[in-house]
Amino acid sequence: MTGSRYDILFEPVTIGPVTAPNRFYAVPHATGHGWTQPAGAIALRGMKAEGGWGTVAVQITEIAPDSDMANHPMERIWDDSDGLRHAAQVEAIKCHGSLAAIEIAHGGMRARNFTTGVPVKGPASLPVLRPEIPLQARAMDGADIRAFRAAHRAAAQRAREAGYDILYVYAAHDLSILSHFLSVRTNQRSDAYGGSLDNRLRLLREVLEDTLDVAAGDRAVALRFSVAEPSKPGGLRHDGEGRDVVEALAELPDLWDVNLSGWPEDSATARFAEEGFQLPFTDFVKSVTSRPVVGVGRFTSPDLMVDLVRKRRLDFIGAARPSIADPFLPSKIRNGRIEDIRECIGCNVCVSMDSYGVPIRCTQNPTISEEWRQDWHPEAPPVSVGRRSHLVIGAGPAGLECAVTLMRAGHKVTVADSATEAGGRTTREARLPGLASWARVRDFRLQQLLRSSDADLFLQSPMSSEDVLAFGADTVTLATGAKWRRDGVGSTRFDAVDFGETAVLTPDDVMDGRHQDGIPSKYVVYDDDHFYMASVVAEAIHASGHEVVYVTPLPEIATWTGTTLDQPRIIERLTALGIPLVPNVTLGANCRFTRTLDGERVTFGAFALALVGARSPRDSLHAELAGPDRPKELYRAGDCLAPGIIQTAVLSGHSTARRILDSGKRPGIPRREQVDVKRSGDPAVRRLPTAS
Ligand code: ADP
Ligand code: SF4
């Protein structure tokens, strides 16, 4: 569609010797696949190219065995044997007309070399940059620096041969040896590579020049640089040394890819950062260099994108998470299908999966990481023969996703929900402090359904087993959700507890506003769930004027938010509100609290309890329908089957719809990336010498 106000986003842009077909730039990001799962990674990136991202970049690619970052699943380009994989990657990206970029990297003091067993290297002899890992880096001498430069150059050469259009030099996120040489915190050298900014910048400049040399005027060289480290004491500032670096190297790279460091700053969750949150730090770069600039900030609004380009704040709209949530975001804008964009909700479930070293999942996009494994496509509906009628009970994330998937496959769907609003938990949770973006999960699916003549939605329609049977649909899917328990069962305690006279509220009560009843008093929020819920419940109760104490049996506050990167901000926020944080304390019968370390009793005076523990599936309807008159095809999806996070509910709804469309067949084992080792006669299978 031309002649639209978004045309500017589809202008080609020159990056040194290459030209990007448009301004949509899928920046390097963790996929959780890495070099051990290349087919999945290639399909994931190929999908973005198909969806219209004019440039698609490959994540951190280790250059040599001493840059081994396992257990994090990174890419590798250690020697020529890695080349084939990269050539296939390039092909998958370029066959759609996109540019292929590769982030060549050495993790320096963030490498661990667990699998390679060689010492970690860095500018100084200091502990590695993960305080919980008891290793130190070896200070690099002149020979080490020369070896590193040679390895980087060789990796760039291999990337060039694989066909990449853009070769990255990576100095960002505190995850690169070049950042470690740049930073006064880690560079304690007194030679030509330490001391003054010029000296600390020397290695970065040399590596840039080496890479430009390899690029030889027909590949572009990008510099990925974190201009500011807002949360690090003594870290780079965008109006200090961060800017000095950009000024010093301004015209050297063909492209500046700029962001914030570390990763928690760069991938801030929606709870703590709005769309465009990086711009105040990064938008000065355009005024310093004539080279094109790509920046990120969870951009999903086409109007903001246009504004950024028109006001010359960025040349490229960079995206990691928005390109995960919707690989087809550019093509939807191009085709005027703005309302079809699956907007990232900024929950960082994708990040948490990478933290566990497994392929990423996404709350909004259930097909991510399934492109190769199960041939799932985010836009093409599953193929099904015939047209049937389906009843879905529950319009939460599982029910809506199930219904939309059935509807897009050309089937007739009716959704019934007892609530006055659709969205289930997403609607209810979106009213809690900081979680407004959760509503996007509902909104995207709801407007797809409401637009279709094949879908009906009935609210305020509690369904009984008689109603279900009378409806007479070909298939029935129960997506009736779960409710929070008030009996003390949680992640660390599986038996119910008697709380005596103490008033107990659950998150459901708080979402219903019951904490606002009565005069302000003290609440103990007990977190035996360990994700975000207890912290937002604490905020909500505090906002209604109550005194709040946060207590958890685990040693950490909101433990799982460590994997979504917002744990430090949660701690900061609760502390700023004056909410005491009490870890290592267990709740028992009669509301007695015990310190787990020494068994001592802990008291909080008079209080009401806000209990955030486990949830009970709402499965009574399923039990009623399990009799002989049961519908011929009865399914369950989401929290009513196994309570989890919103992402698991969406995935469950999606998988259930695919199963329904496949006539109820249980899915087989998906494809796996396996090394083919023969039992004998394969030189790869070596026997140990037998002792004589
Ligand atoms: P999930 O996360 O699995 O999608 P939710 O709790 O978000 O689950 O949504 C479940 C929805 O199901 C809620 O909106 C609830 O009102 C609805 N629901 C539960 N039981 C019934 C029922 N018997 N009839 C109609 N709607 C129901
Ligand atoms: Fe966005 Fe959440 Fe999906 Fe990550 S998992 S891309 S943060 S919606």
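Which backbone atom of Arg425, by element, lies 2.7 Å from an oxygen atom of ligand 1? A backbone N or O atom of Arg425 is at that distance. The model described here is predicted.

## Surroundings of ligand 1

The shell around ligand 1 holds 23 residues, and the nearest are Ala398, Asp417, Arg425, Met463 and Asp639. Sorted by type, the shell has eleven nonpolar, eight polar and four charged residues.

Three of the nearest residues also place polar atoms beside oxygen atoms of the ligand. For Ala398, a polar backbone atom is 2.9 Å from an oxygen atom of ligand 1. For Arg425, the contact again comes from the backbone, at 2.7 Å. Asp639 instead uses its side chain, where an N or O atom is 2.6 Å from an oxygen atom of ligand 1. On its own, ligand 1 has 580 Å² of accessible area, and the protein covers 89% of that area. The space that ligand 1 takes up is the second largest pocket.

## Surroundings of ligand 2

Around ligand 2 there are 13 residues, with Cys344, Cys347, Asn348, Cys350 and Cys362 coming nearest. Two elements give two or more residues to this shell: helix 11, spanning 321-325, and helix 13, spanning 349-355. Helix 11 provides the largest share, three residues.

By residue type, the shell of ligand 2 consists of eight nonpolar, three polar and two charged residues.

## The parallel sheet

Strands of a sheet pair through backbone hydrogen bonds, in either a parallel or an antiparallel manner. Five strands make up an open sheet with parallel pairing, and their order is 19-26-20-21-22. Strand 19 (504-505) and strand 22 (581-582) are the edge strands; each has a single partner strand, so one side of each has no neighbour in the sheet.

Within this sheet, strand 20 covers residues 522-527 and is joined to strand 21 by five bridges, the two strands running parallel. One residue pair across these strands is Lys522 with Glu547, the latter being the bridge partner in strand 21.

## The antiparallel sheet

A further open sheet has three strands in the order 23-24-25, and the pairing is antiparallel. Its edges are strand 23 (585-587) and strand 25 (601-602), each of which has a single partner strand, so one side of each is left without a neighbour in the sheet.

Strand 24 takes in residues 593-595, and three bridges connect this strand to strand 23, with the two running antiparallel. Where does Thr586 find its bridge partner in strand 24? The partner is Thr594.

## Backbone geometry in loops

Two cis peptide bonds can be located in the model. One runs from Ala70 to Asn71, with omega near 15 degrees. Asn71 is part of the loop between strand 4 (55-62) and strand 5 (75-76). The other joins Ser261 and Gly262, with omega about -10 degrees. Gly262 lies in the loop that separates strand 11 (255-260) from helix 7 (263-266).

Ala558 has a positive phi, near 45 degrees, although this residue is not glycine. Ala558 sits in the loop between strand 21 (547-551) and helix 20 (567-576). Strand 21 is also a member of the five-strand sheet.

Technical notes
Residues numbered from 1 in each chain as written. Chains lettered and ligands numbered in written order. Predicted model: local features only at pLDDT ≥ 70, side-chain atom pairs only at ≥ 80, totals over all residues. Heavy atoms only, no water. Pairing = 2+ DSSP bridges. Helix = DSSP H or I, 4+ residues; strand = E, 2+ residues; numbered from the N terminus. Near = heavy atom within 4 Å. Polar contact = N/O pair within 3.5 Å; in protein donor to acceptor, adjacent residues only side chain to side chain. Areas by Shrake-Rupley, 256 points an atom, 1.4 Å probe, with all protein chains shown as cover. 1 Å grid on protein atoms, 1.4 Å probe; cavity = no way out; pocket = protein on both sides within 12 Å on 5 of 7 lines; lining within 4 Å. Sits in = over half its atoms within 2 Å of the grid points. Nonpolar A, V, L, I, M, F, W, Y, C, P; charged D, E, K, R; others polar.
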